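Colleague: Got a minute to walk me through this one? I'd like to go strand by strand and then look at the packing.

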Amino acid sequence: MKTKLFFAATAILTGLVWPAAAQTYDTNNDFVETLAGFGIPGYVDGQGQLTAFSSPSQIVSDTSGNLYVWDSGNTRIRKITTNGTVSTLVGGGSYLEGYGTNVSLAWGTGGALAMDHANTLWLVLASGYNNSYLVTIGTNGFVSIANGGLTNLSATSGLCFDSANNLYYSGGNRIYRYSSATGASQAFAGSGIAGNFDGQGVLFSAFNNPGALACDQADNIYVSDTGNVTIRRIDQNQNVTTVAGNGYSYYQTSDGVGTNATFSGGVAAMFADNLGNIYFVCGGCVRKMNAQTNVVTLAGVFSQYGAAFANGPGDQARFSSAGGGCISQGTVFIADTGNNRIRSITFNPEVQIVPPANLQLNTYPGLQITGTVGRSYQIQSSPNLNVWTPVTTLLLNSSPYLWFDQNPVAGNKFYRAVLLP
C-alpha cells in the first residue's frame with residue numbers, strides 16, 4: 001500500500017493534470033509495467049530495462065510477437081524479441097536504401113510506423129510538406145523507398161493495412177488507399193476540403209486534418225479526425241460515420257458511449273485487436289473503444305501535462321507524451337515517448353506457475369556446530385570417509401552455528417568440522 005501511495009503522489013507532483021470530465025477505468029484489472037528502457041535518453045542495446053531509447057514514438061508487432069520501435073531520437077528502428085532482447089534493426093549508416101545498419105533514417109522527421117501482413121515494416125520520413133518518403137523494411141532487413149504515386153503524405157499521416165494488405169494513409173484532409181502490389185493510389189474518403197461531414201466517398205464526406213488510422217477485422221478504417229476531435233469510421237463501401245466524439249468539446253476529455261466520449265487531448269496513435277476493440281494512445285493515457293462504441297480508460301489520466309512516470313494498476317499508472325501503441329499476444333505495448341521507455345499493459349494478471357521442465361531441485365547439505373565462540377573451524381568433505389578435503393574455514397560467532405554448503409550435492413558426500421589451533 002505504501003508503494004502505491006508513493007507512485008500516485010509522484011505522478012501528481014511531477015505532472016500537472018488539466019481538469020477533465022468523467023473518467024471511467026476499464027474493469028479488467030489492467031496493470032502497467034516497464035518492458036524496456038531505463039528512462040534516461042540514450043542508445044544502448046541489450047536486455048529489458050538495461051537498455052536505452054531516445055524518444056521512442058511508434059511501436060508495432062510482427063506475427064511472431066517481436067516488437068519494432070521507431071526510436072526517433074536515435075533515428076533507428078529497434079527490435080525487441082519476446083524475451084525482451086533489444087537490438088538495432090535499421091539505422092546508423094549513411095544511405096537511404098540498403099541493408100540494416102548501413103542505412104541512415106535521418107533524412108527527415110519520422111512519422112507513422114506500420115507492419116503489413118507479410119511482416120514488412122512501413123515508415124513515413126517527412127522532410128517537408130509533400131516531400132516525404134515512405135520507407136519499407138523487408139524481413140531480410142533491406143530498406144527501400146516505396147512512394148509510388150502517393151500524394152499528401154506528411155509527418156502527421158497515419159498508416160494502416162486491411163486484410164488484403166492494402167495500405168491506407170491520411171493526408172490533405174483525405175484518406176487514401178494504396179496497393180503495394182500495383183502501385184496504384186486512390187482517394188478513398190474525404191473531399192480534400194476541411195470540413196466535418198458524414199457521407200459516402202470523396203464527394204459527400206469531409207475531414208479536418210485527419211491523423212492516426214486503424215483497421216479492424218471487418219476492414220473498417222478508423223480515423224482520428226484531429227481538427228474535428230472525433231473518431232470516424234469508413235466501411236468498405238466508403239461510407240463515413242462519426243462513432244465517437246462530438247466535434248464541440250475542444251477543451252474537455254471524457255469517457256462515455258459514442259458521441260458522449262470526447263478527445264480534446266488528441267490521439268497520437270490507434271490500433272485494433274481481434275475482438276472489435278479500438279485503442280487510442282493519448283499522451284497521458286491509453287483508452288479503448290469496444291464494438292458498442294463505449295470508450296473507457298485502460299491506464300493513465302486525461303490530458304497529462306508535464307513529466308510523469310509510474311507503473312502499477314491502470315488508475316495509478318502514469319505516462320509522459322506516449323506516442324505509439326500496438327497489441328501482441330493479448331498484451332498492449334506502448335511507446336512512452338517522454339519517459340524513454342517501452343511499457344506493457346496486461347489484463348487480469350494472474351499468478352503463473354512455472355512448469356516442471358523449468359524447475360530444478362537441488363540438495364544443499366548443512367552442519368550444526370556446537371563449539372567455542374571466537375575459535376576457527378575448518379569444514380571438510382569426503383566422498384568415502386577416507387580422503388578429506390577442506391571446503392571452507394569459518395570463525396564461530398555463535399553456538400550452535402548452522403552452516404550450509406553453497407554448492408548442490410550429487411551422490412554421496414560426508415562432512416566434518418575440525419577445531420583449528
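Colleague: Which residue in β21 is the bridge partner of R233?

Modeller: Bear in mind that this is a predicted model. R233 falls within β20, residues 230–234, and β20 pairs with β21 in the antiparallel sense over 4 bridges. In β21, the bridge partner of R233 is T241.

Colleague: And in the hairpin of β20 and β21, which residue takes a positive phi?

Modeller: That hairpin has 4 residues between its strands. One residue there has a phi near 70 degrees, and that's Q238.

Colleague: What stands opposite G199 in β21?

Modeller: β17 and β21 are joined by 2 bridges and run antiparallel. β17 covers 199–200, and G199 sits across from V240.

Colleague: Which strands are the edges of that open sheet?

Modeller: The sheet has 5 strands with antiparallel pairing, in the order β17-β21-β20-β19-β18. An edge strand here pairs on one side only, and that fits β17 (199–200) and β18 (210–215).

Colleague: Over at β18, what is the bridge partner of P210 in β19?

Modeller: β18 and β19 (residues 221–225) run antiparallel, with 4 bridges between them. P210's partner in β19 is D225.

Colleague: Now the packing: which strands each supply at least two residues of the largest nonpolar core?

Modeller: That core has 17 residues, and Y222, I231, F263, V267, M270, F280 and M289 touch the most other members. As background, nonpolar side chains in soluble globular proteins tend to be buried together. The strands that each give at least two residues to this core are β18, β21 (239–244), β26 (278–281) and β27 (285–289).

Colleague: How many residues are in the other core?

Modeller: This core lies apart from the largest one, and V60, W70, V103 and V135 are among its members. Its count is 16 residues.

Colleague: Is V44 buried, partly exposed or exposed?

Modeller: V44 lies in the loop between β2 (31–36) and β3 (46–47). Buried would need under 20% relative accessible area and exposed over 50%. V44 comes in at 35%, so the label is partly exposed.

Colleague: What accessible area does the nonpolar patch with V44 have?

Modeller: V44 shares that surface patch with F38 and I40. Together, the three have about 250 Å².

Notes:
Residues are numbered from 1 along each chain as its sequence is written. This is a predicted model: local features need pLDDT of at least 70, side-chain atom pairs count only at pLDDT 80 or more; totals for chains, interfaces and linings use all residues. Side-chain values use heavy atoms; hydrogens and water are left out. Patches are made of residues with over 30% relative accessible area and no salt bridge: like charges are joined within 9 Å, nonpolar side chains (Val, Leu, Ile, Met, Phe, Trp, Tyr) within 5 Å. Accessible areas come from the Shrake-Rupley method with a 1.4 Å probe; for residues, only the protein chains shown count as cover. A salt bridge is a side-chain nitrogen of Lys or Arg within 4 Å of a carboxyl oxygen of Asp or Glu. Buried means under 20% relative accessible area, exposed over 50%, partly exposed in between (1.4 Å probe, protein chains only). Two strands pair if DSSP finds at least two bridges between them. A nonpolar core is a set of buried Ala, Val, Leu, Ile, Met, Phe, Trp, Tyr and Cys residues joined through side-chain atoms within 4.5 Å.
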